Amino acid sequence: MREGENTRAATITTPGPLTGKVALVAGATRGAGRAMAVELGRGGATVYVTGRTTRGHISEVGRSAETIEETAELVTAAGAPAGGTGVAVPTDHLDPAAVRALTGRIDREQGRLDLLVNDLWGGDVHVEWGKKMWEHDLEKGLRVLRLGVESHIITSSCALPLLIRRPGGLVVEVTDGTEEFNRRYREPFYYDLAKSAPIRMAKGLAEELPEYGCTAVCVTPGWLRSEAMLDTHFKVTEENWRAGCAQNPHFAISETPVFVGRAVAALAADPEVARFNGQSLSSGGLAKEYGFTDVDGSAPDAWRYITEVEQAGKPADTTGYR
């Protein structure tokens, strides 16, 4: 082995619950996707991370602060004690040829795929909030659907033939909102479609995968304190995030991306995950199931809070919700 490989081998102390597993987190440059990848690596998995923003190229999202290479480095650093590692593969998931090349590489290098996380998005920059369907720019609306729906379909079509080779494979569709919450209209029109579709995709795959011993679920974070939510929308940092409550007191229910990352890692390590097949799951709900917490030791149940407090017009009070 090379010198670096000897050093890395020496750091492995205890295999994690995901050691030996291979995951693909599609859309892992930042936010929930990055945190999911890091937590899967922490559990010992080999995690292929994809995205469009690299150290040499910025995607239409327009953020240069986070790159897919950095995500892979974070995965490897977190995963070192359990043998987890991150592999960055810059990929445009609207390009079927690029996604086929990605899955072909995983097959050549690993010969297996145990977990597919479809966290592809990047459509916020095209959403025209507050506009009626016919007022919304059509090209921007269709781009939202391509980024939030078509990219998921292309990725699953290319990756599932590898995933179904072994029983126990898991597909995690990621969206915004639980199935129950998303029964209401998530305006505007194109956003509503983009965030409802992953729930239906998980249900459809849940009908087709069990004969191969595989499972599909849909997972949502709560009010996510993503990088953009912190530095762009609320202009705060993770250290002083509660200052954002002065702008919107309900921000008190928000959660770090780590919370949903731990949710996905718990699902991936659960030998009985098939009991959730086809279900819409949330970070808050899964925290109750598995007993994990956010980084501050709390377990925010955002969607219940949003329904029972914010949507009900009650004063902000997270007592009993985190």
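In this predicted model, helix α4 (residues 96-110) and helix α5 (residues 138-163) have axes that come within 9 Å and cross at roughly 25°. Because angles under 35 degrees count as roughly parallel, α4 is roughly parallel to α5. A second helix pair, α2 with α3, and two nonpolar cores are also covered below.

**Helices α4 and α5**
- The crossing of α4 past α5 is right-handed.
- On the α4 side the contact is made by P96, V99, R100, T103, I106 and D107, and on the α5 side by I154, T155, C158, A159 and L162.
- This contact of α4 with α5 comprises 7 nonpolar, 2 polar and 2 charged residues.

**Helices α2 and α3**
- Helix α2 (residues 31-42) and helix α3 (residues 68-79) have axes that come within 7 Å, crossing at roughly 30°.
- α2 and α3 are therefore roughly parallel to each other.
- Their crossing is right-handed.
- R34, A37, V38, G41 and R42 of α2 meet E70, T71, L74, V75, A78 and G79 of α3 in the contact.
- By class, the contact of α2 with α3 has 5 nonpolar, 3 polar and 3 charged residues.

**Nonpolar cores**
- The largest nonpolar core has 37 residues, of which L40, V47, V117, V172, V219 and L267 touch the most other members.
- Helix α8 (residues 257-269) gives the most to this core, with 7 residues.
- Apart from this core lies another, of 18 residues, including L113, A159, L162 and C214.
- Beyond its neighbours within four places in sequence, L40 is in contact with L18, A23, V25, A45, V47, L115, V117, V264, A265 and A268.

Notes:
Residues numbered from 1 in each chain as written. Predicted model: local features only at pLDDT ≥ 70, side-chain atom pairs only at ≥ 80, totals over all residues. Heavy atoms only, no water. Core = buried A, V, L, I, M, F, W, Y, C linked by side-chain atoms within 4.5 Å. Buried < 20%, exposed > 50% of the residue type's maximum accessible area, 1.4 Å probe, protein only. Helix = DSSP H or I, 4+ residues; strand = E, 2+ residues; numbered from the N terminus. Contact = heavy atoms within 4.5 Å. Axes fitted to C-alpha atoms, helices over the stretch in contact; angles between N-to-C directions. Parallel < 35°, antiparallel > 145°, perpendicular 65-115°, else oblique. Left-handed = near helix turned anticlockwise from the far one by under 90°. Nonpolar A, V, L, I, M, F, W, Y, C, P; charged D, E, K, R; others polar.
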